Amino acid sequence: MDQAPAKEVTTEAQRKCEGADCNNDAGSLQCPTCQKLGKESYFCSQDCFKRNWAEHKKLHKGANSTLSNLGLTQPKVISQPDADGHFNPFPAYPFTGSLRPVYPLSPRSSVPDRIRKPDYASNGIPKSEQVFVGRNKVKILTKAEQEGMRKACRLGREVLDIAAREIKPGVTTDHIDKVVHAACMERDSYPSPLNYCHFPKSVCTSPNEVICHGIPNYRPLQDGDILNLD
């Protein structure tokens, strides 16, 4: 029995161009401002993007980060502060365990001018990483780059060892963050988590069910806690 010709199966609908006056399929060109804000907006061509810019940029108004878009920077409902003035900023969130965030956070640590800073240090946006989006090749480092990598790894190991010695019941992760920051400053090194995508601290401290990227706060560590430093 003859078989009907196979049809191409499309698993995902073709994106359409965001241009208000355009019905074309979108290409790979995205609005760079939308990318910074964590949004997707594709256009069919550079000319179409330029032609629609005046109208499209209205979407960016009042949205300067992914966190602000999600309403996480200033929660509308918080728990009642305890005797020390600490509170949970997300009381309605369905947490998976017993841990709760302890706010307010301590002020963000400063970095002196003598230390070289990454592009995200001022605004939280790692623009330099955009050049790596879509790459599928592993870069082979030069001898000089390999030495730089070894130095960075050695300094990172030293700082993490210093931080690990501070871990004990009763110590807060905020204290550990201050220890990490001071150790980085002593080594004329910028603590890479600080303000990366608006992360407010110099190290990630993730206890128990917090998988990763935990924000240091005033919660004292308890005997039996499992803590990851990153």
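This report walks through the cores, one helix pair and several single residues of a predicted protein model.

Residues are numbered from 1 along each chain as its sequence is written. Because the model is predicted, local features need pLDDT of at least 70 and side-chain atom pairs count only at pLDDT 80 or more, while totals for chains, interfaces and linings use all residues; side-chain values use heavy atoms, with hydrogens and water left out.

## The nonpolar cores

Let us begin on the inside. A nonpolar core is a set of buried Ala, Val, Leu, Ile, Met, Phe, Trp, Tyr and Cys residues joined through side-chain atoms within 4.5 Å. Here "buried" means under 20% relative accessible area, "exposed" means over 50%, and "partly exposed" is in between (1.4 Å probe, protein chains only).

The largest nonpolar core of this model has 18 residues, and Val111, Ile176, Val180 and Tyr190 have the most contacts inside it. Two or more residues each come from helix H4 (120-123), helix H5 (143-164), helix H6 (173-186) and strand S4 (227-229). These names follow DSSP runs: helices (H or I, at least four residues) and strands (E, at least two) are numbered from the N terminus. Which element gives the most to this core? The answer is H6, with 5 residues. Another core, of 7 residues, lies apart from this one, and among its members are Cys17, Cys22, Phe43 and Cys48.

## How H5 and H6 meet

Two packed helices are described by the angle between their axes and the distance between the axes. For H5 and H6, the angle is about 145° and the axes are 9 Å apart. Such axes are lines fitted to C-alpha atoms, for helices over the stretch in contact, and the angles run from 0 to 180 degrees between N-to-C directions.

On the H5 side, the contact (heavy atoms within 4.5 Å) is made by Val159, Ile162 and Ala163. H6 brings Ile176, Val179, Val180, Ala183 and Cys184. By class, this contact has 8 nonpolar, no polar and no charged residues. In that scheme, Ala, Val, Leu, Ile, Met, Phe, Trp, Tyr, Cys and Pro count as nonpolar, Asp, Glu, Lys and Arg as charged, and the others, Gly among them, as polar.

Valine 180 is worth a visit of its own. It is a residue of helix H6, and it counts as buried because its relative accessibility is 3%. Leaving aside neighbours within four places in sequence, valine 180 is in contact with Val159, Ala163, Ser202 and Val203. The C-alpha atoms of valine 180 and glycine 156 are separated by 9.9 Å, with their positions 24 residues apart along the chain.

## Around Tyr190 and Asn195

Tyrosine 190 touches Val111, Ile115, Arg116, Lys117, Pro118, Tyr120, Ala121 and Asn195, not counting residues up to four places away in sequence. The last of these, asparagine 195, lies in the loop between H6 and S3. Is asparagine 195 buried or exposed? At 5% relative accessibility, asparagine 195 counts as buried.

The side chain of asparagine 195 makes a polar contact with the side chain of arginine 108 at 2.9 Å. A polar contact is a pair of N or O atoms within 3.5 Å; within protein, one must be able to donate a hydrogen and the other to accept it, and residues adjacent in sequence count only if both atoms are side-chain atoms. A polar atom of the asparagine 195 side chain also lies 3.0 Å from the backbone oxygen of alanine 121.

## A strand residue and some loop residues

Threonine 205 is found in strand S3 (residues 205-207). Its contacts, not counting residues up to four places away in sequence, include Thr173, Ile176, Gly214 and Leu229.

Here is how threonine 205 and three loop residues compare in accessibility.

| Residue | Place | Relative accessibility | Class |
|---|---|---|---|
| Threonine 205 | strand S3 | 2% | buried |
| Aspartate 188 | loop between H6 and S3 | 47% | partly exposed |
| Cysteine 197 | loop between H6 and S3 | 42% | partly exposed |
| Aspartate 223 | loop between S3 and S4 | 73% | exposed |

The backbone has a few details to look for as well. Most residues other than glycine have a negative phi, and most peptide bonds are trans. In aspartate 188, phi is near 50°, a positive value, and phi of cysteine 197 is also near 50°. The peptide bond from tyrosine 103 to proline 104 is cis, with omega near 0°. Proline 104 sits in the loop between helix H3 (66-70) and H4.
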